[in-house]
Amino acid sequence: MSTGYVWHEQYAWHDTGTGAGLLPAGGYLQPFANFESPESKTRFAGLVEVSGMLDNLTRVPARPATEADVLRVHTPGYLERIKSASASAGGDAGDGMSPFGAGAYEIALLSAGGTIAATEAVLTGRTENAYALVRPPGHHAVRDTGMGYCIFSNISIAIEWARAVHGIRRVAVVDYDVHHGNGTQSVYEDDADVLTISLHQEGLFPQDSGEMEDHGPAGTALNIPLPAGCGNDAYTEAVRRVVVPALHRFAPELIVVASGFDASAADPLGRMTVTTAGYRSMTAQLVQAAREICSGRLVMSHEGGYSPVYTPFCGLAVLEALSGHDTGVGDPFDATWGNSPQHPLTPAQDAVLSAAEEIAGRLRLTLPTGANTN
Ligand code: ZN
């Protein structure tokens, strides 16, 4: 078993400016850094190296996505808008809270292309699974605009590449970022061959999307909005009771994970309490499901996660579960967050999971008997 790993120094060079969190510079608060800064990602990459994990992974070089790759998903007008702004002083991807500096277009191509490279490693059998530690993130970007720090839909671009180049048809996306994977869902809302599953904090971002009853026109969007405050048990049980059964019924040829760490106990943007144990458990279940369903083919593409000090350990736990290699580093914050009383499943959380199970059971995910997945 082997795990591919993508990281490129230029992912850290994507310039989101000197605003303070969500606020643009120039208001009442001293300029600082956008929440979506390089800090959590470079420290994750640093821990991968310092922990020795890197020596147990297969390095997969990032490469830029081509314009043709991007245009399988995004509109030509949107691509040109990003390219043009990037060639001058920069701009905003679309919602006024996704700033980017000069050169962002090339880095966004490298981010989408890094996810393609990870997908290629898995589909060619070079590695069993892969983690693309890419930036900028992608799961909020829709076809004609970026939003929520995302420029291009990295995962959708990789899926469409896999379909065009490798003849893949059915793909499942599992998104455990604390925010709704609205962009990925919108790209595939009319496509019954792509199942998009999103676990997210209810009503967080975008505030008006990701409701449990929203399945999209094709009926293959599965939304699991969780109440604020969920910890390891709620996430682990959601994957066990809802996500894994849906994956088995859908029988994808490839599983792609939108891997955000903003449901962590230390995140400034999410209000969940997941620790390394929760991420490790979710990943182990997804690895097992992929082995049972699609020869282990699992690709993870990095999304959110804004704690510079805790995201690295959550990410390392995911890589340990993907690769089966124990670095021995553990979780130095576990004494603080691991024994929180917010981890055991509450009756209210259990009721939400029961409702999600019931709704997921109603989705028509199973292929007709005799249907050819190739
Ligand atoms: Zn997020």
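What arrangement do the 4 donor atoms around the zinc ion make? Keep that in mind as you walk through this predicted model.

**Stop 1: the zinc ion.** Select the zinc ion together with Asp177, His179 and Asp262. Asp177 contributes two OD entries to the coordination, joined by ND1 of His179 and an OD of Asp262, at 2.0 to 2.7 Å. Now check the angles: the donor atoms subtend 53 to 155°, which makes the arrangement irregular. In sequence, the spacing of the donor residues reads D-x1-H-x82-D. Asp177 sits in the loop between β6 (171–175) and α6 (182–187), while Asp262 is in the loop between β9 (254–259) and α8 (276–294), so the pair links distant parts of the chain, 85 residues apart. Both of these aspartates, Asp177 and Asp262, are buried.

**Stop 2: strand β10.** Next, select residues 298–302. Of the 5 residues in this strand, 5 are buried, so β10 is largely enclosed by the rest of the structure. Leu298, Met300 and His302 cover one side, with Val299 and Ser301 on the other. Add the neighbouring strands: β5 (residues 129–132) pairs with β10 in the parallel sense over 4 bridges, with Tyr131 opposite Met300. β9 also pairs with β10 in the parallel sense, over 5 bridges, and Ser259 has His302 as its bridge partner. Trace the chain from β9 through α8 to β10 and you follow a right-handed β-α-β crossover.

**Stop 3: Ser40.** Finally, pick Ser40 in helix α1 (residues 39–50). Ser40 counts as buried because its relative accessibility is 3%. A polar atom of its side chain lies 2.8 Å from the backbone oxygen of Gly305. Show the contacts of Ser40 too, among them Tyr306, Pro308 and Thr311.

Terms used
Residues are numbered from 1 along each chain as its sequence is written. This is a predicted model: local features need pLDDT of at least 70, side-chain atom pairs count only at pLDDT 80 or more; totals for chains, interfaces and linings use all residues. Side-chain values use heavy atoms; hydrogens and water are left out. Helices (H or I, at least four residues) and strands (E, at least two) are DSSP runs, numbered from the N terminus. Buried means under 20% relative accessible area, exposed over 50%, partly exposed in between (1.4 Å probe, protein chains only). A polar contact is a pair of N or O atoms within 3.5 Å; within protein, one must be able to donate a hydrogen and the other to accept it, and residues adjacent in sequence count only if both atoms are side-chain atoms. Contact means heavy atoms within 4.5 Å. Donors are N, O and S atoms within 2.8 Å of the metal (3.2 Å for Na, K and Ca); water is not among the atoms, so sites may look incomplete. Four donors count as tetrahedral if all angles lie between 85 and 135 degrees; four count as square planar and six as octahedral if opposite donors are over 155 degrees apart and all others between 65 and 115; anything else is irregular. Two strands pair if DSSP finds at least two bridges between them. A crossover is right-handed if, with the strands pointing away from the viewer, the path from the first strand over the helix to the second runs clockwise. Lists of a residue's contacts leave out its neighbours within four places in sequence.
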